[in-house]
Amino acid sequence: MAGEPQDDCLFCKIVGGRVPATVVRETETTVAFRDINPQAPTHVLVIPKAHHRDAATLAAADPAALADLVREAGEVAADEKLESYRIVFNTGSGAGQTVWHVHAHVLGGRGMQWPPG
């Protein structure tokens, strides 16, 4: 069920403290931690504590939680002293989503090119 922790979800396990992560920020609704396979000098994932499959699902179920997630991504960028950064939501395997718990990638610390894909 959406919003409920999933036993087979890596990010739910991180939220529950069953899998370690390098946490850089935590609020009542979100956790931010360093990506284990960084694609930029700064690469932090921001996740809601509640389980939702992707950004669109979260937006439909709980728009305030999506706003919290994006706000916290901005706070991570500020904490990391990033003047420029990218926030990325991958949705679906074709877009590179590998963990089925919505997460925002905060990427910075180098120039970003466009188009990204």
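This passage describes the fold, surface, cysteines and selected local features of a predicted model.

The chain contains three helices and five strands. Read from the N terminus, these elements follow the order α-β-β-β-α-α-β-β. The chain thus opens with a helix, which is followed by three strands, a pair of helices and a final pair of strands. Along the principal axes, the C-alpha atoms occupy a box of roughly 40 × 30 × 25 Å. The radius of gyration of the chain is 13 Å, and a compact globule of 117 residues would have a value near 13 Å, so the chain agrees with the expectation for a compact globule. Of the 117 residues, 36% are buried. When contacts are restricted to residues at least 6 apart in sequence, 53% of them join residues at least 24 apart.

The exposed area of the chain is about 6,700 Å², and 52% of this area comes from carbon and sulfur atoms. The chain carries 10 positive and 14 negative charges. The mean position of the positive charges and that of the negative charges are separated by 5 Å.

No disulfide is found in a search of the whole structure. For C9, the nearest cysteine sulfur is that of C12, at a distance of 3.6 Å, and C9 takes part in no disulfide. The converse holds for C12: its closest cysteine sulfur is in C9, and the pair is not bonded because 3.6 Å is too far for a bond. The cut-off applied to a pair of cysteine sulfur atoms is 2.5 Å. Both cysteines lie below the limit for burial, which is 20% relative accessible area. C9 has a relative accessibility of 6% and therefore counts as buried. C12, with a relative accessibility of 5%, is likewise buried.

Two backbone features were identified. The peptide bond that links W114 to P115 is cis, and its omega angle is near 0 degrees. P115 belongs to the segment that follows strand 5, which spans 104–108. The second feature concerns K81, which is not a glycine but has a positive phi of about 60 degrees. K81 is placed in the loop that connects helix 3 (63–79) with strand 4 (85–88). The relative accessible area of K81 is 70%, so the residue counts as exposed.

Further pairings concern residues that are separated in sequence. G92 sits in the loop between strand 4 and strand 5. With its neighbours within four places in sequence set aside, the contacts of G92 are with Q97 and W100. The C-alpha atom of G92 lies 8.1 Å from that of D54, although 38 residues separate the two along the chain. A56 is located in helix 2, which comprises residues 55–61. The relative accessibility of A56 is 52%, and the residue therefore counts as exposed, the threshold being over 50%. Between A56 and L66 the C-alpha to C-alpha distance is 9.1 Å, for a separation of 10 residues in sequence.

Note on methods
Residues numbered from 1 in each chain as written. Predicted model: local features only at pLDDT ≥ 70, side-chain atom pairs only at ≥ 80, totals over all residues. Heavy atoms only, no water. Buried < 20%, exposed > 50% of the residue type's maximum accessible area, 1.4 Å probe, protein only. Helix = DSSP H or I, 4+ residues; strand = E, 2+ residues; numbered from the N terminus. Rg over C-alpha atoms; globule rule 2.2 N^0.38 Å. Contact = heavy atoms within 4.5 Å. Areas by Shrake-Rupley, 256 points an atom, 1.4 Å probe, with all protein chains shown as cover. Lys, Arg positive; Asp, Glu negative; His and termini not counted. Charge placed at Lys NZ, Arg CZ, Asp CG, Glu CD.
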